[in-house]
Amino acid sequence: MVVVSCGPGVDAEMMISLVHQPVFPVIMPEREHGSEPGAACMSNRIPRSSRWIPFVFAVVITAIGCQQVSGTDRRQLNTYTVDDEIALGNAAFEEMLGGAKLVTSGSDFEQVQRVSMRIAASATRLHPEIADRFDWEVVLIDDDDVVNAWALPGGKMAVYTGILPYTRNEDGLAAVMGHEAAHAIARHGGENMTRQALAGLVAMGAALAVDPEDRELVALAAGAYGLLGEPAFSRAQESEADELGVFLAADAGYDPREAVLLWQRMGARGGEPLEFLSSHPNSETRVRRLEALMPLAEEIRRRRDLDPVDPTPR
């Protein structure tokens, strides 16, 4: 199966699986009265005051977990520390590479390493408060059927050989790797885990607060959120990573216009799902938004060309 995705889908799912159980448990409808001893008294087993405990926890999480995304100043909810995310990212990196066939030499490998060094150096310049704490590492996975790249918290990234025909050159590869590095810098992994935990608490509290016969509606509402709410939030993260990533690539000295050409090539493949049901914006949307960012991205690159620096990260 060919996977076409540049985003946090892999890392988000992995990070959630490492630290959380499913957060939307299936709540079955109540059985008919008498089919289970005491079933009609289900609502009386839980003191009404206790039913609001999940909501209280949700409010506390919201109050203590508010952060700002470096580079966009978007307010995000994230109760994980950077150190927490790095530790989880390191553990996930080892697991996700298990059994993978890595490319460790040759021109493609050397290109990935060159670009990754310059992107990491750019991240340190533009986002030092976060990127300085990362131990950047990028691997090239030998799989021509996977048109993909992914990032984990802490600066661990992977590029599949299947995406190289679409990047075509170092500028195109920088667009992909800048995007992936941006996910780590924006701390999307910790944000996703926090949001999933919070959604689970709210769903639990709603199930406890309503009458037993209404719990199926709560489960349906939770399922609707998973179908529409989660993809919409993920698309917003993708757009944020596109923005931060194109500026990283430009600051690293690469041509930011190649990001537009990359997504035009990706869109030409066809077969993209309906955007409102997808975790990623479609290629047309990405091209339009990237084109709007080009004046600033080209100015960033111009300034970098006038002030060249050692491309190796500190």
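"Buried" here means under 20% relative accessible area. With that in hand, take strand E6, residues 146–152: seven of its seven residues are buried, so the strand is mostly covered. Everything shown in these views comes from a predicted model.

**View 1. The whole chain, to get oriented.** The protein chain has 314 residues, and 48% of them count as buried. Its secondary structure comes to twelve helices and seven strands. Take the contacts between residues at least 6 apart in sequence: 76% of them join residues at least 24 apart.

**View 2. Strand E6, with both faces covered.** In a regular strand, side chains alternate between the two faces of the sheet. Here Val146, Asn148, Trp150 and Leu152 point one way from E6, while Val147, Ala149 and Ala151 point the other way. Are these residues buried or exposed? They are all buried, on either side of the strand.

**View 3. The E6–E7 hairpin.** Follow the chain out of E6 and you pass three residues before E7, the other arm of a hairpin. Gly154 sits in the turn, with a positive phi of about 95°. E7 covers residues 156–160, and it pairs with E6 in the antiparallel sense over four bridges. To find your place in the ladder, look for Trp150, which stands opposite Ala158 in E7, and for Ala151, whose bridge partner in E7 is Met157.

**View 4. Strand E7 between two partners.** E7 pairs with E6 in the antiparallel sense, and it also pairs with strand E5 (residues 137–141), this time in the parallel sense over five bridges. Ala158 of E7 is a handy landmark: Val139 stands opposite it, and so does Trp150 from E6. Like E6, E7 is mostly covered, with five of its five residues buried. Lys156, Ala158 and Tyr160 point one way, Met157 and Val159 point the other, and all are buried, the lysine included.

**View 5. The largest nonpolar core, with Met177 picked out.** This core has 52 residues. Which residues have the most contacts inside it? They are Ile119, Phe134, Trp136, Val159, Met177 and Val246. Helix H8 (residues 170–185) supplies the largest share of the core, nine residues. Zoom in on Met177 and leave aside its neighbours within four places in sequence: it is in contact with Val112, Val115, Ser116, Ile119, Val138, Met157 and Val159. There is also a second, separate core of eleven residues, and among them are Ala92, Phe93, Met96 and Val139.

**View 6. Helix H8 crossing helix H11.** The two helices pack at an angle of about 85°, with their axes 8 Å apart. That makes H8 roughly perpendicular to H11. On the H8 side, look for Asp171, Gly172, Ala175 and Val176; they meet Glu258, Ala259 and Leu262 in H11. Sorted by class, this contact has four nonpolar, one polar and two charged residues.

**View 7. Helix H11 alongside helix H12.** H11 (residues 257–268) and H12 (residues 283–306) pack at an angle of about 170°, and their axes are 8 Å apart. The two are therefore roughly antiparallel to each other. H11 brings Arg257, Ala259, Val260, Trp263, Gln264, Met266 and Gly267 to the contact, and H12 brings Ser283, Arg286, Val287, Leu290, Glu291, Met294 and Glu298. It's a mixed bag: seven nonpolar, three polar and four charged residues.

**View 8. Two arginines with positive phi, in the loops on either side of H8.** Most residues other than glycine have a negative phi. Arg168 has a positive phi of about 70° although it is not a glycine, and you'll find it in the loop between helix H7 (164–167) and H8. Arg187 has a positive phi too, near 60°, and lies in the loop between H8 and helix H9 (188–209). Which of the two is exposed and which is buried? Arg168 counts as exposed, because its relative accessibility of 61% is over the 50% cut-off. Arg187 counts as buried, because its 9% relative accessibility is under the 20% cut-off.

Methods
Residues are numbered from 1 along each chain as its sequence is written. This is a predicted model: local features need pLDDT of at least 70, side-chain atom pairs count only at pLDDT 80 or more; totals for chains, interfaces and linings use all residues. Side-chain values use heavy atoms; hydrogens and water are left out. Axes are lines fitted to C-alpha atoms, for helices over the stretch in contact, and angles run from 0 to 180 degrees between N-to-C directions. Angles under 35 degrees count as roughly parallel, over 145 as roughly antiparallel, 65 to 115 as roughly perpendicular and the rest as oblique. Contact means heavy atoms within 4.5 Å. Ala, Val, Leu, Ile, Met, Phe, Trp, Tyr, Cys and Pro count as nonpolar, Asp, Glu, Lys and Arg as charged, and the others, Gly among them, as polar. A nonpolar core is a set of buried Ala, Val, Leu, Ile, Met, Phe, Trp, Tyr and Cys residues joined through side-chain atoms within 4.5 Å. Buried means under 20% relative accessible area, exposed over 50%, partly exposed in between (1.4 Å probe, protein chains only). Two strands pair if DSSP finds at least two bridges between them.
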